[in-house]
Amino acid sequence: MKLNIVTYPDKKLKQKSAKVENFDTRLAELLDSMYPLMMETNGIGLAAIQVGYATQALILNIPDKDDIQTIDNLVEMINPVITSKKGETVYQEGCLSVPTFYEDITRFEEVSVNFQDRQGNTKTLEANGLLAIAIQHEIDHLSGVLFIDKLSYSRRKKFEKEYKKMLKEKKNSK
Ligand code: QAP
Ligand code: CO
């Protein structure tokens with residue numbers, strides 16, 4: 001399955017993703033195709049809507065202490081729901097769908113999440129640190145929310161200006 005990253009301002013990113021009902025080979029193929037794309041593009045998290053599929057599936061691969069990403073740390077979440085959250089943390093986030101832009105975003109420091117795996121088995125994960133941030137960022141994608149939607153009015157304006165400039169330069173260098 002050949003996938004491409006959908007980038008802002010594509011309206012597709014605003015779409016709400018539907019719950020996965022069938023844990024079939026189509027779901028497995030989608031997840032299997034998302035992983036290499038995320039690796040090639042230097043991502044640590046990717047939601048299905050970012051490759052054009054409005055379905056509640058996401059993958060996460062947080063680097064270890066030596067900053068290495070291994071498949072052993074790959075987490076796949078289907079139909080995830082945050083069931084508890086506490087604390088506050090600020091991290092400079094980015095997004096594969098909003099290339100080259102990074103900004104500080106406030107999130108919960110710890111979250112508990114219920115989800116299903118690709119076979120449909122129910123799981124619970126308690127996360128903190130970068131994993132907790134990534135979970136919240138990716139779950140936002142399922143409701144059509146991007147990290148730039150969380151910026152103050154003035155920072156959003158700064159983003160729109162910088163992003164337009166970046167797109168123009170990219171176009172001109174082609
Ligand atoms: C979401 O983000 C996230 O601008 C995943 O040029 C963000 O993988 C989770 C990326 C922050 C936790 C903390 C961004 C790659 C990757 C770019 C990503 C870019 C190339 C972003
Ligand atoms: Co993102």
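## Ligand 1 and the pockets of a predicted model

Of the elements that line the largest pocket, α2 contributes the most, with six residues. The structure described here is a predicted model, and this report considers its two largest pockets together with the ligand.

**The largest pocket**

The largest pocket encloses about 420 Å³ of space. Its lining comprises 22 residues, and those closest to the pocket centre are Ile44, Gly94, Cys95, Leu96 and Tyr102. Two elements, β4 and α2, each give two or more residues to this lining. By residue class, the lining of the largest pocket consists of ten nonpolar, ten polar and two charged residues.

**Ligand 1 and its shell**

The largest pocket is the space taken by ligand 1. Elements that supply two or more residues to the shell around ligand 1 are β4, which spans residues 89-93, and α2, which spans residues 129-142. The largest share of that shell comes from α2, with five residues. In total, 19 residues surround the ligand, and Gly43, Ile44, Gly94, Thr100 and Tyr102 are the closest. The shell divides into ten nonpolar, seven polar and two charged residues.

Three of these closest residues, Ile44, Thr100 and Tyr102, also place an N or O atom at a short listed distance from an oxygen atom of ligand 1, as the table shows.

| Residue | Part of the residue | Distance to an oxygen atom of ligand 1 |
|---|---|---|
| Ile44 | backbone N or O atom | 2.8 Å |
| Thr100 | backbone N or O atom | 2.8 Å |
| Tyr102 | side-chain N or O atom | 3.1 Å |

For Ile44 the atom concerned belongs to the backbone, and for Thr100 it likewise belongs to the backbone, whereas for Tyr102 it belongs to the side chain. On its own, ligand 1 has 500 Å² of accessible area, of which the protein covers 87%.

Ile44 and Tyr102 appear in both descriptions: they are among the residues closest to the ligand, and they are also among those closest to the centre of the largest pocket.

**The second largest pocket**

The second largest pocket has a volume of about 250 Å³. Its lining is formed by Met1, Lys19, Val20, Glu21, Asn22, Asp24, Arg26, Leu27, Glu29, Leu30, Tyr53 and Thr55. These lining residues divide into five nonpolar, two polar and five charged.

Key. Residues numbered from 1 in each chain as written. Chains lettered and ligands numbered in written order. Predicted model: local features only at pLDDT ≥ 70, side-chain atom pairs only at ≥ 80, totals over all residues. Heavy atoms only, no water. Near = heavy atom within 4 Å. Polar contact = N/O pair within 3.5 Å; in protein donor to acceptor, adjacent residues only side chain to side chain. Areas by Shrake-Rupley, 256 points an atom, 1.4 Å probe, with all protein chains shown as cover. 1 Å grid on protein atoms, 1.4 Å probe; cavity = no way out; pocket = protein on both sides within 12 Å on 5 of 7 lines; lining within 4 Å. Sits in = over half its atoms within 2 Å of the grid points. Helix = DSSP H or I, 4+ residues; strand = E, 2+ residues; numbered from the N terminus. Nonpolar A, V, L, I, M, F, W, Y, C, P; charged D, E, K, R; others polar. Points joined across faces, edges and corners; volume = space filled by probe spheres on them.
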